[in-house]
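Student: I should like to examine this protein chain and understand how each structural label is justified. May we take the terms one at a time?

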Amino acid sequence: MEVLTKAIIDARTWQSAQAIADREHQSTCPKTTHSARVANLSVDAQGALICRVDAAWRADCKRARLGWSFFNVEDQIVNQGSKSQNFVSSALMGEALVVREALDSALELGLVTMHLESDSKSLIDTIRSTNFAH
């Protein structure tokens with residue numbers, strides 16, 4: 001009974017600390033929302049759009065701001081979105097997360113092919129060097 005009581009007290013203390021930390025985190029790093037717009041989806045000869053991605057990471061609150069834009073063959077934005085992501089451990093992780101968001105958006109648009117552009121050499125090198133065959 002003593003062990004169970006201590007476990008319950010510790011769990012409540014932990015939950016309380018998490019709630020306080022979450023409130024502090026939200027007050028220092030304001031939350032943003034996702035936005036998107038869709039226009040003319042004129043694709044290239046391979047049926048692809050160009051997707052440009054970027055992320056900005058704040059080390060002080062472990063939050064990343066993610067942004068992606070899809071461009072048609074006339075270099076016009078046809079879809080874009082942005083999102084804030086909490087608990088991001090590094091700038092590279094932020095760059096990887098924005099690629100995931102862009103891929104999700106591509107699927108929503110019904111795209112099966114896209115050209116991805118990123119300013120993160122580390123991300124591109126990591127993607128290219130990873131063996132996905134298991």
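Tutor: In this predicted model, buried residues make up 28% of the 134 residues in the protein chain. A residue is counted as buried when its relative accessible area is under 20%.

Student: What makes a group of residues a nonpolar core?

Tutor: Its members must be buried nonpolar residues joined through side-chain atoms within 4.5 Å. The largest nonpolar core has 19 residues, and those touching the most other members are Cys51, Val53, Leu66, Trp68, Phe70, Val98 and Leu111. Strand E1 (49-58), strand E2 (63-71) and H2 each supply at least two residues of this core, and H2 gives the most, with 6 residues.

Student: Why is the charged end of Arg52 said to sit over the ring of Phe71?

Tutor: The rule requires CZ of Arg to be within 6 Å of the ring centre and within 35 degrees of the ring normal. The charged end of Arg52 lies 4.1 Å from the centre of the Phe71 ring, so the distance limit is met, and the contact is listed as sitting over the ring.

Student: How many aromatic pairs are there?

Tutor: The count is 0 aromatic pairs, where a pair would need ring centres within 6.5 Å.

Student: What lines the largest pocket?

Tutor: The lining includes Val99, Leu103, Met114 and His115. Helix H2 (91-109) and strand E4 (114-118) each supply at least two of the lining residues. The lining divides into 7 nonpolar, 2 polar and no charged residues, and the pocket holds about 160 Å³ of space.

Notes: Residues numbered from 1 in each chain as written. Predicted model: local features only at pLDDT ≥ 70, side-chain atom pairs only at ≥ 80, totals over all residues. Heavy atoms only, no water. 1 Å grid on protein atoms, 1.4 Å probe; cavity = no way out; pocket = protein on both sides within 12 Å on 5 of 7 lines; lining within 4 Å. Points joined across faces, edges and corners; volume = space filled by probe spheres on them. Helix = DSSP H or I, 4+ residues; strand = E, 2+ residues; numbered from the N terminus. Nonpolar A, V, L, I, M, F, W, Y, C, P; charged D, E, K, R; others polar. Phe/Tyr/Trp six-rings, centres within 6.5 Å; stacked < 30°, edge-to-face > 60°. Buried < 20%, exposed > 50% of the residue type's maximum accessible area, 1.4 Å probe, protein only.
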